[in-house]
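User: Please take a close look at one helix of this model and at what surrounds it. I would like the part described first and its setting in the whole afterwards.

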Amino acid sequence: MSKKRNRQAGKTLLFGLLSITLYAAVFSHGTAVAQFFARGAWYAILPILTVFLFSFVHGAFASHVWTLLGIEARKTAQHRPEKRKAPSKRKRPRPRLQLRA
Amino acid sequence: MHDIAANFIHLNWLSVLFLFLVGFVGGLVSGFIGSGGAFVLTPGMMSLGVPGNVAVASNMCHKFPKALVGAYKRFKYGQVDLKLGLIMAVSATVGVQVGIQIQHWILAQWGPAGSNLYVSLAFVVVLVVIGGYVFYDAWKLAKTGASEKVSDLAKRLQKINLRPMIHFKTANLRISLWFTVPVGFATGMLAATIAVGGFIGVPGMIYVVGASGLVSSATELVVAFVMGLGGTANWAWHGMVDIRLTLIILAGSLFGVQLGAIGTTYVKDYMIKIVMGSIMLIVAVSRGLAMPKYMTQLNLLIMKEDMVALLTKASFVLMCVALSTGAVIILGAMWKGRRAAASPAVEEVGTASGVATH
């Protein structure tokens, strides 16, 4: 296994563990959490913040899983703004005096 | 509020697996065409015993983080026009409010059956007309092998110099704000009616504004995020979100949405139209099958109860077929694209060409 793949596997494992921890935290007391989050009014912030957190952690995990499986976006197909061509360096020889005798 | 929470359903492994899988397939379709999945998830949850409003709220709560991840992914691929997305989202928010008012009026006039009939009718008419055109356009492109072109309507509108004119950099077009806002408004109205605004938003951006299929479907994810966040705040304020359902669907859909986004970099630009058109037409038939139920309730049609129940079941099955068909086409096209990309003598297709033609 190459170094790059090892690093990828490490990231996948890390985010996978984090994701499992978050899911376990909610579902170990699933019904109670659901009822607490559904109190309405200002408690509305709880489900919104939770899905933001999960989308970051679990989204990163899912992204690393696809990368680890070799499923990545086609790089040549991605739209990149065209790079402007830099002017090529030209050799401008210094005029030298030549003595014709 | 507490009564609603007390009635949250008991979850078993089978229902968890069902929600995860539908979430994954719905996410895959959303990542690819910018919308979809919601029309199966809401009735799917209701079939598990979830009350209608909780199903809608929990579905919406998973929709905006999914759209956020999808939009981020496709932004990285250079497909999202943020300015277009934000203008669409603001006008769609107004459209949602108008759509809700129309729904309230219909509910007050004809009751729940009348409201359901209106929703089904809107589904069938919009999906047959727009879905049929999208599919026809995609079929023409697939047959001739031509690259996607800006529609005649969009070309004409872009020539009208009605201030303020706006330049959309990624979509690579310049059009008046007054032609962009109605597309967003209609998206919002449809979202308030059938919960899938993208079925009008994406074709609107393609045929009215003049963006490519690729940019339109990616930009729709921005619209879905803004609208989903606003909708969720509203539902959550009333305590309707069952966070367990949301998180299970999100677990599947975050895998799906990223796979769908990756898929867009492998396929030819008309594939987005093919997937969208196919799904819209199958869903139209599905909603057509659901109509006799509401017509019977309104005494507009006489039909045996067994028959009505059978048609209702067939309608739900057809919804699942629509989503599965979309997923199969996406995965098939992606598989082909990956194989073609792996071969050295491949012709350059994909995102760059899709954006460059517009």
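What follows is a description of one helix, its neighbours, and the rest of the model around them.

Analyst: The model is predicted. The part chosen here is helix α11 of chain B, which runs over residues 271-297.

Helix α11(B) has 27 residues, and the distance from its first C-alpha to its last is 40 Å. At 1.5 Å a residue 39 Å is expected, so the value found is close to that expectation. The helix does carry a kink of about 25 degrees, located at B:A290. The proline B:P292 comes shortly after that point. Just after the helix, B:N299 adopts a positive phi of about 60 degrees.

As to burial, α11(B) is mostly covered, with 19 of its 27 residues buried. The kinked residue B:A290 belongs to a nonpolar core of 5 residues, a set that also includes B:L117, B:L289 and B:M291. That core is separate from the largest one, which has 125 residues. Among the residues with the most contacts inside the largest core are B:V275, B:M280 and B:V283, and these three numbers fall in the range 271-297 of α11(B). B:V29, B:L127, B:F225 and B:V241 are also in that group. The largest share of this core, 14 residues, is supplied by α5(B).

B:M280 gives a view of the packing at residue level. Leaving aside neighbours within four places in sequence, B:M280 is in contact with B:L127, B:I130, B:G131, B:V134 and B:F199. Of these, B:L127 is itself one of the residues with the most contacts inside the largest core. Helix α5 of chain B covers residues 82-144.

Helix α12 of chain B, residues 305-342, is a packing partner of α11: its buried residues pack against α2 (13-33), α3 (38-47), α10 and α11 of chain B. The buried positions in α12(B) are B:S315, B:M319, B:A322, B:L323, B:G326, B:A327, B:I330, B:A333, B:M334 and B:G337. The end C-alpha atoms of α12(B) are 55 Å apart, which agrees with the 56 Å that its 38 residues should span at 1.5 Å a residue.

One of those buried residues, B:M319, can be set against a loop position elsewhere in the chain. B:G145 is found in the loop between α5 and α6 (152-159) of chain B. B:G145 has 8 other C-beta atoms within 10 Å, so it is exposed, the cut-off being 12 or fewer. From B:G145 to B:M319 the separation is 174 residues in sequence and 30 Å in space, C-alpha to C-alpha.

Another buried position is B:T193, in helix α7 (residues 177-194) of chain B. B:T193 counts as buried because 24 other C-beta atoms lie within 10 Å, where 20 or more are needed. Not counting residues up to four places away in sequence, B:T193 touches B:G99, B:Q103, B:V119 and B:A122.

Some backbone features lie outside the helices. B:R163 and B:P164 are joined by a cis peptide bond, with omega about 0 degrees; B:P164 sits in the loop between α6 and β1 (165-168) of chain B. B:N172, in the loop between β1 and β2 (173-176), is not a glycine but has a positive phi of about 60 degrees. B:N172 is partly exposed, with 18 C-beta neighbours inside 10 Å.

At the level of the whole chain, chain B contains 13 helices and 2 strands. Its radius of gyration is 20 Å, close to the 21 Å given by the globule rule for 358 residues, so chain B is as compact as a globular protein of that length. Buried residues account for 56% of chain B. Of the contacts in chain B between residues at least 6 apart in sequence, 83% join residues at least 24 apart.

Chain A has 3 helices and 0 strands, and buried residues make up 20% of its 101 residues. The contact between the chains takes 39 residues from chain B and 35 residues from chain A. On the side of chain B that touches chain A, α10(B) supplies the largest share, 11 residues. By class, that side has 25 nonpolar, 11 polar and 3 charged residues. Helix α10(B) therefore appears in two places in this account: it is packed against by buried residues of α12(B), and it contributes to the side facing chain A.

Notes
Residues are numbered from 1 along each chain as its sequence is written. Chains are lettered from A and ligands numbered from 1 in the order in which they are written. This is a predicted model: local features need pLDDT of at least 70, side-chain atom pairs count only at pLDDT 80 or more; totals for chains, interfaces and linings use all residues. Helices (H or I, at least four residues) and strands (E, at least two) are DSSP runs, numbered from the N terminus. The radius of gyration is taken over C-alpha atoms; the globule rule is 2.2 Å times the number of residues to the power 0.38. Two residues are in contact if their C-beta atoms, placed from the backbone, lie within 7 Å. Ala, Val, Leu, Ile, Met, Phe, Trp, Tyr, Cys and Pro count as nonpolar, Asp, Glu, Lys and Arg as charged, and the others, Gly among them, as polar. The bend at a residue is the angle between axes fitted to the seven residues ending there and the seven starting there. A nonpolar core is a set of buried Ala, Val, Leu, Ile, Met, Phe, Trp, Tyr and Cys residues joined through C-beta atoms within 7 Å.
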